[in-house]
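Load the model and keep the selection panel open. The tour goes from the whole chain down to a single residue.

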Amino acid sequence: MDIKSLRSTPPWDWPGAAGKTILKTLIDRRAKESDRLIAAELAGDLVVMNGALANALLAILRSPDEPEKLRARAAISFGALLEQTDLDGFDDPYVDPPITEDTFHTIQNSLQKLFLDAATPKQVRRRILEASVRAPDDWQQTAIAAAYSSGDRDWMLTAVFAMRWVRGFDDRILEALNSPDHDIRFEAVQAAGAWALDAAWSHVVDIVNDAGAPKRLRLAAIEAVGNIRPAEAGVILADLADSRDEDIAEAAFEAMAMAEAASDEEDDEDDEDEDDDDDEDDWIS
């Protein structure tokens, strides 16, 4: 199976040699740039990711001689790897990380160094920041703040995307919700939902109820409603679950189901807290 066939095949149906095919294309500088771009994209899938692919992506990213688009694609392909590895860690005996801890830290350090290097092209630096925040690190706070304050639309878009992953930007998320740029608003809605930002509730509900809003933005708002106030999501989304637009209806149904589950969990936690309080009162008396 060649690289183009792999792209059109779901990862769970890839043959055992898929990783080798991707790696071979990725490191072959004589291959078409379009094929290497596909290989860089596929290399980021956790189904095949390993130390060899991570090192190949890193070599491309570090090389100023490689095409800018390929370097940018290599950077963003680290996103899922960084997030999953940061989540799983390296101490669980039942989880076999796709890369070693040393490789993980090498990737993080390289991304930071390249981002801070003014000689690194803008597009590559943006993708580096977008990937690196999937495993939050201290330096990213300053980078995100500077990107948002730059006044450059592309950098602001990257910054608001990054705010979905890094804490401490509630005020800027609320500000971005009022942006006339639909892409920035989309990322702001995603960030508000990710952090269950209650102050964004009215903004998000307005988007949900705006039939004229871009569909992509509205779908993001539907999901965010369920995250921000799970107990109230059903009232907001009930009518949309019967929408003639299948995408809207499906998104509303899924958001309501997730919100109901989250609300049940909150109720269970409240019941446990009350039981603990009762036990404490008995002990004190």
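How much area does the protein expose, and what share of it do carbon and sulfur atoms supply? The exposed area is about 15,500 Å², and carbon and sulfur supply 47% of it. Keep in mind that this is a predicted model.

**Whole chain.** Show the cartoon. It has 16 helices and 0 strands. Switch to the C-alpha trace: along its principal axes it spans about 70 × 55 × 40 Å. Of the 285 residues, 41% count as buried. Take the contacts between residues at least 6 apart in sequence: 61% of them join residues at least 24 apart.

**Charges.** Color the charged residues by sign. There are 28 positive and 62 negative charges. Their mean positions lie 19 Å apart.

**Helix α12.** Select 182-194, which is α12. Its end C-alpha atoms are 18 Å apart; this agrees with the expected span, because 13 residues at 1.5 Å a residue should cover 18 Å. Now go to the N-terminal end. Asp181 caps it, with a side-chain oxygen 2.9 Å from the backbone nitrogen of Asp183.

**Packing.** Show side chains on α12. Its buried residues include Ile184, Phe186, Val189 and Gln190. Glu187 is also on the buried list. Add α10 (153-163), α11 (170-176), α13 and α14 (215-228): the buried residues of α12 pack against these helices.

**Last stop: Ala196.** Move past α12 into the loop that leads to α13 (201-208), where Ala196 is found. Check its backbone: phi is near 50°, a positive value in a residue other than glycine. Is Ala196 buried or partly exposed? Ala196 is partly exposed, because its relative accessible area is 36%, between the 20% and 50% cut-offs.

Note on methods. Residues numbered from 1 in each chain as written. Predicted model: local features only at pLDDT ≥ 70, side-chain atom pairs only at ≥ 80, totals over all residues. Heavy atoms only, no water. Helix = DSSP H or I, 4+ residues; strand = E, 2+ residues; numbered from the N terminus. Buried < 20%, exposed > 50% of the residue type's maximum accessible area, 1.4 Å probe, protein only. Contact = heavy atoms within 4.5 Å. Areas by Shrake-Rupley, 256 points an atom, 1.4 Å probe, with all protein chains shown as cover. Lys, Arg positive; Asp, Glu negative; His and termini not counted. Charge placed at Lys NZ, Arg CZ, Asp CG, Glu CD. Expected span 1.5 Å × (residues − 1). Polar contact = N/O pair within 3.5 Å; in protein donor to acceptor, adjacent residues only side chain to side chain.
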